[in-house]
Amino acid sequence: IVDPLADDPGTAMRKLAPLGVHAFRIQPRYSKQPPARWLEPPGYESMFATAAKTGQALSCLIDVDGFPEVDRMCRKFPDTDVIIDHLGRIGAGPDGAIRDPDVEALQALAKHPKVYVKVGAFYALGKKTPPYLDLVPLIRRVVQSFTPRRCMWESDCPFQVAKDRYTDSLALVRDHLDFLPKNDRDWLLFRTAEETLFQNLTP
């Protein structure tokens, strides 16, 4: 994390590149703005511009109401890798409802070739109970929109193991996404992350 309200967050990002920092968490709470305006602080322009040059990624912990700002910034900085965490937290509400307009709003971000989606935090979405099979239709729609090469399973340490187990989270992708061949499941489980977060950086 770097402070988006600091004088020069882009320089802070560049200084961290030689240390192997490939991605930065961003969210509305850091910008102290409502979700509809959360990327308006000028520091975020610096971060998006810097990430486009260094190869670093910006990882967004947001709900559906934060998607429009991501869309705006991706149109302005099309070369920046942007990651949507936790399937955009769709189904994270108390009722666990996965609403079509929310899924469609996430799918709409697939038009930006550099937007990726982390597929995980299953313990917090939908019924919030292993084996998480209720999330399969959501994952299917997201993967079909973004393709497996822009989706990545996330460990979400330590929260995934606070009350649940990694084996259940992995099993959902490995054993229950039967609409995907093994090669595509490999992209979800590790290959997308390898290509996105473990490439050479340009300090």
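This section describes the packing of one helix, two aromatic pairs and a set of salt bridges in a predicted model.

Helix H7 spans residues 166-176, and its buried residues are Asp168, Ser169, Ala171, Leu172 and Val173. These buried residues pack against three elements: helix H6 (136-146), strand S5 (151-153) and helix H8 (182-197).

The structure holds 4 aromatic pairs. One of them is formed by phenylalanine 122 and tyrosine 132, with 5.7 Å from centre to centre and 45 degrees between the planes, and this pair is tilted. Phenylalanine 122 and tyrosine 132 are 10 residues apart, and each is placed in the loop between strand S4 (115-119) and H6. Both phenylalanine 122 and tyrosine 132 are buried.

Another aromatic pair involves tryptophan 153 and tyrosine 166. The ring centres of tryptophan 153 and tyrosine 166 are 6.0 Å apart and the planes stand at 70 degrees, so the pair is edge-to-face; the cut-off for this class is an angle over 60 degrees. Because tryptophan 153 belongs to strand S5 and tyrosine 166 to helix H7, the pair ties together parts that are 13 residues apart in sequence. Strand S5 is also one of the elements against which the buried residues of H7 pack. Tryptophan 153 has 15% relative accessibility and therefore counts as buried, the limit being under 20%. Tyrosine 166, at 26% relative accessibility, counts as partly exposed.

A search of the whole structure finds 14 salt bridges. Side chains of opposite charge can pair when their charged atoms come close. In one of the salt bridges, the side chains of glutamate 45 and lysine 76 meet at 2.6 Å, N to O. This pair links distant parts of the chain, with glutamate 45 in helix H3 (residues 42-54) and lysine 76 in helix H4 (residues 67-76), 31 residues apart. Glutamate 45 counts as partly exposed at 28% relative accessibility, and lysine 76 is partly exposed with a relative accessible area of 47%.

A salt bridge also joins the side chains of aspartate 63 and arginine 89, with an N to O distance of 2.6 Å. Aspartate 63 lies in the loop between strand S2 (57-60) and H4, and arginine 89 lies in the loop between strand S3 (81-84) and helix H5 (100-108), so this salt bridge ties together parts that are 26 residues apart in sequence. Aspartate 63 counts as partly exposed at 33% relative accessibility. Arginine 89 counts as partly exposed at 34%.

Helix H4 takes part in a further salt bridge through aspartate 71. The side chains of aspartate 71 and lysine 111 meet at 3.1 Å, N to O. Since lysine 111 lies in the loop between H5 and S4 while aspartate 71 lies in helix H4, the pair ties together parts that are 40 residues apart in sequence. Lysine 111 is exposed, with a relative accessible area of 52%, whereas aspartate 71 is buried, with a relative accessible area of 14%. Elsewhere, Arg25, Asp85 and Lys118 are joined into one network by salt bridges that share partners.

Technical notes:
Residues numbered from 1 in each chain as written. Predicted model: local features only at pLDDT ≥ 70, side-chain atom pairs only at ≥ 80, totals over all residues. Heavy atoms only, no water. Buried < 20%, exposed > 50% of the residue type's maximum accessible area, 1.4 Å probe, protein only. Helix = DSSP H or I, 4+ residues; strand = E, 2+ residues; numbered from the N terminus. Contact = heavy atoms within 4.5 Å. Phe/Tyr/Trp six-rings, centres within 6.5 Å; stacked < 30°, edge-to-face > 60°. Salt bridge = Lys/Arg side-chain N within 4 Å of Asp/Glu carboxyl O.
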